[in-house]
Amino acid sequence: MPLQVPELLAVDLDRGFAELVRSHGGVVYSVLLRLSGSSRDVEDLVQDTFLRAYTALSGYSPERRGALQPRAWLLAIGTNVWRNHVRTLTRRPVAESGVDVGELPLTDGLPGPEQRAEHVAERERLVAALAELPERYRVPVVLRHIAELGYAEIADLLGCPVGTVKAQVSRGLAALREMPRLTQEEVIR
């Protein structure tokens, strides 16, 4: 039976880290794309997240690495990387903003061109709508519905009560439903 990521990290950091990137890189990318709303920045944010993760893991004991909950831990690092990025951007605003839809990756290669165009347009509207949400709603909504974390995991990650997370997710979804650019079917249920 193959070792789980935390067990592999405890035994062999480099091999475990490669497995950590392989198994959780997609969800980190998806969450950071939804948080940032910019495909231009997301690659750098993901790389910074994994660089910080590796640096931290290097200082952990094998027992501590073996006790990790890797997805929630990586998303906590990624969320902090994104917050630092936003702070940096507010200090040095850029002239150009927005999402380059052409750079958004498709999650599957099976649909035809028409379905892909519809999918890209829907994703563009959702990413733009998420970007308009205040951070206090955007982060919990993305962690709940994109990263598929449980309310307790999100509460631990954000350092707040579970009830607060539930309220923030509910209010975030309600705000998305009020946005005229989205149809009711496009809003996360």
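**Exercise 1. Charges over rings**

Determine which ring Arg64 lies over and at what distance from the ring centre, and which ring Arg144 lies over.

*Solution.* In this predicted model, the ring to examine for Arg64 is that of Tyr60: Arg64 lies over its face, 3.8 Å from the ring centre. Turning to Arg144, the ring is that of Tyr151, with Arg144 over the face at 4.3 Å from the ring centre. Both distances are to be judged against a cut-off of 6 Å from the ring centre.

**Exercise 2. An aromatic pair**

Classify the geometry of the pair formed by Phe17 and Tyr54, and state which helices it ties together.

*Solution.* Step one is the count: the protein has three aromatic pairs. Step two is the geometry of Phe17 and Tyr54, whose centres are 4.9 Å apart and whose planes make 75 degrees. Planes over 60 degrees apart count as edge-to-face, and the pair is accordingly edge-to-face. Step three is location: Phe17 belongs to helix H2 and Tyr54 to helix H3, so the pair ties together parts that are 37 residues apart in sequence. Step four is exposure. Phe17 counts as buried because its relative accessibility is 15%, under the limit of 20%. Tyr54, at 28%, counts as partly exposed. Finally, ring pairs join Phe17 and Tyr54 with Phe50 in a cluster.

**Exercise 3. The largest nonpolar core**

Identify the residues that touch the most other members of the largest nonpolar core, and name the helix that gives the most to it.

*Solution.* The core holds 44 residues, and Leu57, Trp73 and Leu143 touch the most other members. Elements giving two or more residues include helix H1 (5-11), helix H3 (39-59), helix H5 (70-91) and helix H9 (162-178). H2 gives the most, with ten residues. For one of the hubs, the contacts can be listed: beyond four places in sequence, Leu57 touches Leu9, Leu13, Phe17, Leu20, Arg65, Leu68 and Trp73. As background, nonpolar side chains in soluble globular proteins tend to be buried together.

**Exercise 4. Two residues of helix H5**

Decide whether Leu75 is buried or exposed, do the same for Thr79, and find partners that both residues contact.

*Solution.* Leu75 is placed in helix H5, as is Thr79. Leu75 has a relative accessible area of 3% and is therefore buried; Thr79, at 1%, also counts as buried. Leaving aside neighbours within four places in sequence, Leu75 is in contact with Val27, Val28, Val31, Leu143, Ala147, Leu149 and Leu157. Under that exclusion, Thr79 contacts Leu35, Val139, Leu143 and Leu157. Leu143 and Leu157 appear in both lists. For Leu75 and Val31, 44 residues apart along the chain, the C-alpha separation is 7.9 Å.

**Exercise 5. A loop residue**

Locate Glu148, and decide whether it is buried or exposed.

*Solution.* Glu148 sits in the loop between helix H7 (135-145) and helix H8 (151-158). With a relative accessible area of 59%, Glu148 is exposed, the limit being over 50%. Its contacts, leaving aside neighbours within four places in sequence, are Arg71 and Leu143. The C-alpha atoms of Glu148 and Val27 are 9.0 Å apart, although 121 residues separate them along the chain.

**Exercise 6. The whole chain**

State how many helices and strands the protein has, and what share of its residues is buried.

*Solution.* There are nine helices and zero strands. Of the 189 residues, 39% are buried. Among contacts between residues at least 6 apart in sequence, 66% join residues at least 24 apart. The accessible surface comes to about 10,600 Å², with 51% belonging to carbon and sulfur atoms.

Note on methods: Residues numbered from 1 in each chain as written. Predicted model: local features only at pLDDT ≥ 70, side-chain atom pairs only at ≥ 80, totals over all residues. Heavy atoms only, no water. Helix = DSSP H or I, 4+ residues; strand = E, 2+ residues; numbered from the N terminus. Buried < 20%, exposed > 50% of the residue type's maximum accessible area, 1.4 Å probe, protein only. Contact = heavy atoms within 4.5 Å. Core = buried A, V, L, I, M, F, W, Y, C linked by side-chain atoms within 4.5 Å. Phe/Tyr/Trp six-rings, centres within 6.5 Å; stacked < 30°, edge-to-face > 60°. Lys NZ or Arg CZ within 6 Å of the ring centre and 35° of its normal. Areas by Shrake-Rupley, 256 points an atom, 1.4 Å probe, with all protein chains shown as cover.
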